[in-house]
Amino acid sequence: MKITLKRIPLAVLFALCPGLTTVETFAQDKTERQPQPQLNDKLLPEDGLRRRTTAPATQRDTESADKVLKITEPPVIDPGPIGGPPSDAIPLFSGQDLSQWRSGSGGEAKWKVEKGVMEVNGTGNIVTTEQFGDLQVHVEWASPSEVKGEGQGRGNSGVYLQGRYEIQVLDSYQNKTYANGQAGALYGMAAPLVNACRKPGEWQTYDIIFHPPRQSPDGSLVAGSVTVLHNGVLVQDHVTIAGQSTTAAAFKGAVAKGPLMLQDHGNPVRYRNIWIRRL
Ligand code: MG
């Protein structure tokens, strides 16, 4: 009689070949032991937006990830011309007036405004009327064309985040001073990675990403950070801001929101095209 595999009951087949069940069990175990794609919940931002951090391996994972990707589809914005402002930015100075600013000592901001440019004129610091927390800010500035003074006395001004943490503005083109006080420094705390300063009188850009230090519910302080690009070059790379204000700050103490401040250091530094985005 001819015996075919088709006619042998499954149980008999397993009894004759015990290795078959072992192989099957091993295959199952192997599948179970393999790490499955996970969403890294630790990285999820508080607003509920979700990002896929690993590639899906199964159909179910793919469908699940697709749902996640639909949630995270970013809003469409118009980036605007080179140098912005993008359509979701708040213009802080577009060249017309100082309506978004007031004097640091109270009252009206009195810096000179002419031909689309505002200029430090000895009337004191100016601060924004609005308060900001996490932010991206774009600032264009120029030190005086006529070189006067040296070191910290040459084209000195500053962009104070929350009126507390100064990103130094200084004519640092062939102008020696201490490293953590030159252009692009987190003043007194962190020197820029490189000196990317243009010549006196030329327009320069700062693009700053700032996350302020925060008070946690238990009273402890969670450090913030600042990243700065000077003329498109990275000069501060996610540098920690522990919470203490830099020299000559208008305010002290860690807060959720504060104004942007521009420093009057007695030098006629000019500014234009300033805009900010809340993050
Ligand atoms: Mg300064």
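Student: Over how many bridges do strand β4 (residues 117-119) and β15 pair, and in which sense, parallel or antiparallel?

Tutor: They pair in the antiparallel sense, over two bridges. Keep in mind that this is a predicted model. To fix the register, look for a facing pair. Here E119 stands opposite R270 in β15.

Student: Which strand is joined to β15 by seven bridges?

Tutor: Strand β6, residues 135-142, is joined to β15 by those seven bridges, and the two run antiparallel. Use E140 as the marker: R272 in β15 is opposite E140.

Student: What is the pairing between strand β1 and strand β15?

Tutor: Antiparallel once more. Three bridges link β1 (residues 90-93) with β15 (residues 270-278). The register can be read from I90, whose bridge partner in β15 is I276.

Student: Now the open sheet. What is the order of its five strands?

Tutor: Read across the sheet, not along the sequence. The order is β2-β5-β14-β7-β8, and the pairing is antiparallel. Then find the edges. These are β2 (101-103) and β8, each of which pairs on one side only.

Student: What joins β7 to β14?

Tutor: Two bridges do. Strand β14 covers residues 261-262 and runs antiparallel to β7. Across that pair, V159 faces L262 in β14.

Student: What about β7 and β8: how many bridges?

Tutor: Five, with β7 (residues 157-161) antiparallel to β8. S157 has V169 of β8 as its bridge partner. The two strands form a hairpin with three residues between them, and there Q162 takes a positive phi near 55 degrees.

Student: Is edge strand β8 mostly covered or mostly exposed?

Tutor: Mostly covered. All five of the five residues in β8 (165-169) are buried. The cut-off for buried is 20 or more other C-beta atoms within 10 Å.

Student: Which residues of β8 point one way, and which the other?

Tutor: Sort the side chains by direction. Y165, I167 and V169 point one way, while E166 and Q168 point the other way. Both sets are buried, the Glu and Gln positions E166 and Q168 included.

Student: Where do nonpolar side chains tend to be in soluble globular proteins?

Tutor: They tend to be buried together. In this model the largest nonpolar core has 43 residues. Among those with the most contacts inside the core are V139, V159, L260 and Y271. You met V159 already, opposite L262.

Student: Which residues is Y271 in contact with, leaving aside neighbours within four places in sequence?

Tutor: F93, M118, V139, E140, W141 and L262. Place a few of them by strand. F93 falls within the range of β1, residues 90-93. M118 falls within that of β4, residues 117-119.

Student: Next, backbone outliers. Which peptide bond is cis?

Tutor: The one from G84 to P85, with omega near 10 degrees. Then locate it: P85 is in the loop between α3 (59-71) and β1.

Student: Which phi value does K115 have, and where is K115 found?

Tutor: Its phi is positive, about 50 degrees, although K115 is not a glycine. The residue sits in the loop between β3 (112-114) and β4.

Student: Why does K115 count as exposed?

Tutor: Because there are 6 other C-beta atoms within 10 Å of K115. The cut-off for exposed is 12 or fewer.

Student: What is the phi of N231, and where is N231 found?

Tutor: Phi of N231 is near 55 degrees, again a positive value in a residue other than glycine. N231 lies in the loop between β12 (224-230) and β13 (233-241). With 16 other C-beta atoms within 10 Å, N231 is partly exposed.

Student: And G232: exposed or buried?

Tutor: Exposed, because G232 has 8 other C-beta atoms within 10 Å. G232 is also in the loop between β12 and β13. For a spatial reference, take Q204: its C-alpha atom is 9.3 Å from that of G232, with the two positions 28 residues apart along the chain.

Student: Where is A179 found, and why does A179 count as exposed?

Tutor: A179 is in the loop between β8 and β9 (204-211). A179 is exposed because it has 11 C-beta neighbours inside 10 Å. The C-alpha atoms of A179 and A190 are 8.1 Å apart.

Student: Last, the whole chain. How many helices and strands are there?

Tutor: Three helices and 15 strands. Of the 279 residues, 29% count as buried. Among contacts with a separation of 6 or more, 59% come from residues 24 or more positions apart.

Technical notes
Residues are numbered from 1 along each chain as its sequence is written. This is a predicted model: local features need pLDDT of at least 70, side-chain atom pairs count only at pLDDT 80 or more; totals for chains, interfaces and linings use all residues. Helices (H or I, at least four residues) and strands (E, at least two) are DSSP runs, numbered from the N terminus. Two strands pair if DSSP finds at least two bridges between them. Two residues are in contact if their C-beta atoms, placed from the backbone, lie within 7 Å. A nonpolar core is a set of buried Ala, Val, Leu, Ile, Met, Phe, Trp, Tyr and Cys residues joined through C-beta atoms within 7 Å.
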